[in-house]
Amino acid sequence: MSKLKIRVDQDKCQGHARCKSLAPELFELDEYGNAHEVGDGSVPAGLEDKAWLAQTNCPEIAIEVTEE
Ligand code: F3S
């Protein structure tokens with residue numbers, strides 16, 4: 001399976017935090033409540049479904065998931 005990478009578009013994120021609720025291992029919130037990918041955004045094995053779930057549930061379509 002190819003490795004996934006996530007990235008939060010800071011211009012689009014409005015702090016809905018659904019990503020953090022659904023995939024706390026992959027997202028962290030800054031002091032303004034906006035989400036950032038943890039580390040370099042690489043999705044650890046086994047968390048792929050959570051990455052896609054977070055992307056699907058972001059109301060601002062701010063989360064990019066790419067396959068490396
Ligand atoms: Fe931002 Fe979407 Fe998460 S708006 S906080 S990336 S659910």
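Which pattern does the protein follow when read along the sequence? In this predicted model, the pattern is β-α-β-β-α-β. Two helices and four strands make up that order. The radius of gyration is 11 Å, close to the 11 Å that the globule rule gives for 68 residues, so the protein is as compact as a globular protein of that length. Along its principal axes, the C-alpha trace spans about 35 × 20 × 20 Å.

Confidence was examined for the protein and for the complex. The protein averages a pLDDT of 97. A score of at least 70 is reached by 99% of the residues. For the complex, the predictor gives an ipTM of 0.98. The pTM is 0.95.

Burial and contact range were then computed. Buried residues account for 24% of the 68 residues. Contacts were also sorted by separation along the chain. Among those between residues at least 6 apart in sequence, 64% join residues at least 24 apart.

Strand β1 spans residues 4-8. Its covered face carries L4, I6 and V8. K5 and R7 form the uncovered face. In a regular strand, side chains alternate between the two faces of the sheet. β1 is joined to β4 by five bridges. The two strands run antiparallel. One of the partners can be named on each side: R7 of β1 is bridged to E64 in β4. Strand β4 covers residues 63-67.

Strand β3 covers residues 35-37. A35 lies in this strand, as does E37. Their surroundings were compared by neighbour count. A35 has 27 other C-beta atoms within 10 Å and is therefore buried, the threshold being 20 or more. E37 has 19 C-beta neighbours inside 10 Å, so E37 counts as partly exposed. Contacts beyond four places in sequence were listed for each. A35 touches V8, C13, A17, C19, K20, F27 and L29. E37 touches I6, R7, V8, L26 and F27. V8 thus appears in the list for A35 and in the list for E37. Distances to I63 were computed for both residues. The C-alpha atoms of A35 and I63 are separated by 9.4 Å, with their positions 28 residues apart along the chain. For E37 and I63, the C-alpha separation is 9.2 Å at a distance of 26 residues in sequence.

The ligand is surrounded by 14 residues. C13, R18, C19, A35 and C58 come nearest. By class, the shell divides into eight nonpolar, four polar and two charged residues. A35, one of the nearest residues, is the buried β3 residue described above. A35 also touches C13 and C19, which are likewise among the nearest to the ligand.

The loop between β1 and α1 was examined next. Helix α1 spans residues 18-22. Q14 is found in this loop. With 12 C-beta neighbours inside 10 Å, Q14 counts as exposed because the limit is 12 or fewer. Q14 and N34 are 20 residues apart in sequence, yet their C-alpha atoms are 6.4 Å apart in space. A17 lies in the same loop, between β1 and α1. A17 has 15 C-beta neighbours inside 10 Å and so counts as partly exposed. The backbone of A17 shows a phi near 65°, a positive value in a residue other than glycine. A17 is also one of the residues touched by A35.

A positive phi also occurs at I61, which is not a glycine. The value is about 50°. I61 sits in the loop between α2 and β4. The residue has 11 other C-beta atoms within 10 Å and is therefore exposed.

V43 occupies the loop between β3 and α2, a helix of residues 48-57. V43 is buried because 24 other C-beta atoms lie within 10 Å. Residues up to four places away in sequence aside, V43 touches K3, L4, K5, I6, L26, E48 and A51. Among these contacts, L4 and I6 belong to the covered face of β1, and K5 to the uncovered face. K3 lies 40 residues from V43 along the chain. The C-alpha atoms of this pair are separated by 6.9 Å.

Note on methods
Residues numbered from 1 in each chain as written. Predicted model: local features only at pLDDT ≥ 70, side-chain atom pairs only at ≥ 80, totals over all residues. Contact = placed C-beta atoms within 7 Å. Near = placed C-beta within 6 Å. Nonpolar A, V, L, I, M, F, W, Y, C, P; charged D, E, K, R; others polar. Pairing = 2+ DSSP bridges. Rg over C-alpha atoms; globule rule 2.2 N^0.38 Å. pLDDT = per-residue confidence, 0-100.
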